[in-house]
Amino acid sequence: MSIPCLCLRYACAYPNDYACALSNASTIPNTGGCRNPSLQVLKDDDSDNKFAFFEVYASAEAVAYHKEQDHYKLWSEFKASGGVASQEVQKMTAANFTQK
């Protein structure tokens with residue numbers, strides 16, 4: 001069954017000395033309204049310090065709830081520590097998302 005949902009894609013670049021720390025930050029389970037069982041992390045084939053994240057949410061309320069969770073706070077601390085050199089966020093609505 002196809003259902004409407006909110007998708008977020010984050011494209012991030014990290015200083016070289018932080019790229020290995022990303023593996024620790026990205027293994028925290030993603031809960032709180034996210035339809036994915038865990039955070040989806042994609043590494044750029046041409047760069048060791050560029051990654052993309054992909055998350056699917058049931059609603060804007062689910063995104064707000066997600067931002068209140070401990071793992072999101074850890075991500076915010078990682079960013080504040082200088083762990084993210086640049087970030088681009090893309091908000092989308094799934095054209096055809098099937099929940100299993």
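Me: What counts as a helix or a strand in this model?
Reply: Helices are DSSP runs of H or I with at least four residues, strands are runs of E with at least two, and both are numbered from the N terminus. Keep in mind that this is a predicted model. By that rule the protein chain has three helices and four strands. Reading along the sequence, you get the pattern β-α-β-β-α-α-β.

Me: Okay, the strands. What makes E1 and E3 a pair?
Reply: Two strands pair if DSSP finds at least two bridges between them. E1 and strand E3 (residues 50-57) are joined by eight bridges and run antiparallel, so they pass the cut-off of two. One of those partnerships is Ala13 with Lys50 in E3.

Me: And how do you know that E2 pairs with E3?
Reply: Same kind of check. There are four bridges between E2 and E3, which run antiparallel, and the rule asks for at least two, so this is a pair as well. Gln40, for example, has Phe54 as its bridge partner in E3. E2 and E3 also form a hairpin, with six residues between them.

Me: Why are E2 and E4 called edge strands?
Reply: Look at the order in the open four-stranded sheet: E2-E3-E1-E4, with antiparallel pairing. Strand E2 (40-43) and strand E4 (86-93) each have a single partner strand, so one side of each has no neighbour in the sheet. As for the twist, it averages 20° from one strand to the next.

Me: On to the rings. Why is the pair Tyr14 and Trp75 called edge-to-face?
Reply: The structure holds five aromatic pairs, and this is one of them: the ring centres are 6.5 Å apart and the planes meet at 75°. Pairing needs centres within 6.5 Å, and planes over 60 degrees apart count as edge-to-face, so the pair passes on both counts. It also links distant parts of the chain, with Tyr14 in the loop between strand E1 (6-13) and helix H1 (19-25), and Trp75 in helix H3 (residues 70-83), 61 residues apart. Tyr14 and Trp75 are in one aromatic cluster with Phe51, Phe53 and Phe78.

Me: What makes a set of residues a nonpolar core?
Reply: The residues must be buried, be of the listed nonpolar kinds, such as Ala, Val, Leu, Phe, Trp, Tyr or Cys, and be joined through side-chain atoms within 4.5 Å. The largest such core has 12 residues, among them Leu8, Cys12, Phe53, Val63 and Val84. Tyr14 and Trp75 belong to this core, and both are buried. E1, E3, helix H2 (60-66) and H3 each give two or more residues to the core. In soluble globular proteins, nonpolar side chains tend to be buried together.

Me: Which residues does Cys12 touch?
Reply: Leaving out residues up to four places away in sequence, Cys12 touches Asn49, Lys50, Phe51, Phe53, Trp75, Val84, Ser86 and Gln87.

Me: How do you know that Glu88 and Arg9 form a salt bridge?
Reply: Their closest N and O atoms are 3.3 Å apart, and the limit is 4 Å, so the pair qualifies. Glu88 sits in strand E4 and Arg9 in strand E1, 79 residues apart. The count of salt bridges comes to two.

Me: Is Glu88 buried, exposed or partly exposed, and why?
Reply: Its relative accessibility is 46%. Buried means under 20% and exposed means over 50%, so Glu88 lands in between and counts as partly exposed. Arg9, at 24%, is partly exposed too.

Me: What makes Lys43 and Asp48 a salt bridge?
Reply: Here the closest N and O atoms are 3.3 Å apart, which is within the 4 Å limit, so the pair counts. Lys43 lies in strand E2 and is partly exposed, with a relative accessible area of 40%. Asp48 has 63%, and over 50% is exposed, so that is its label. Lys43 also touches Lys50 and Phe51.

Me: Why don't Lys43 and Ala11 get called a contact just from their C-alpha distance?
Reply: Their C-alpha atoms are 9.8 Å apart, while contact means heavy atoms within 4.5 Å, so that distance alone does not make a contact.

Note on methods. Residues are numbered from 1 along each chain as its sequence is written. This is a predicted model: local features need pLDDT of at least 70, side-chain atom pairs count only at pLDDT 80 or more; totals for chains, interfaces and linings use all residues. Side-chain values use heavy atoms; hydrogens and water are left out. Rings of Phe, Tyr and Trp (its six-membered ring) pair if their centres lie within 6.5 Å; planes under 30 degrees apart count as stacked, over 60 as edge-to-face and the rest as tilted. Buried means under 20% relative accessible area, exposed over 50%, partly exposed in between (1.4 Å probe, protein chains only). Axes are lines fitted to C-alpha atoms, for helices over the stretch in contact, and angles run from 0 to 180 degrees between N-to-C directions. A salt bridge is a side-chain nitrogen of Lys or Arg within 4 Å of a carboxyl oxygen of Asp or Glu.
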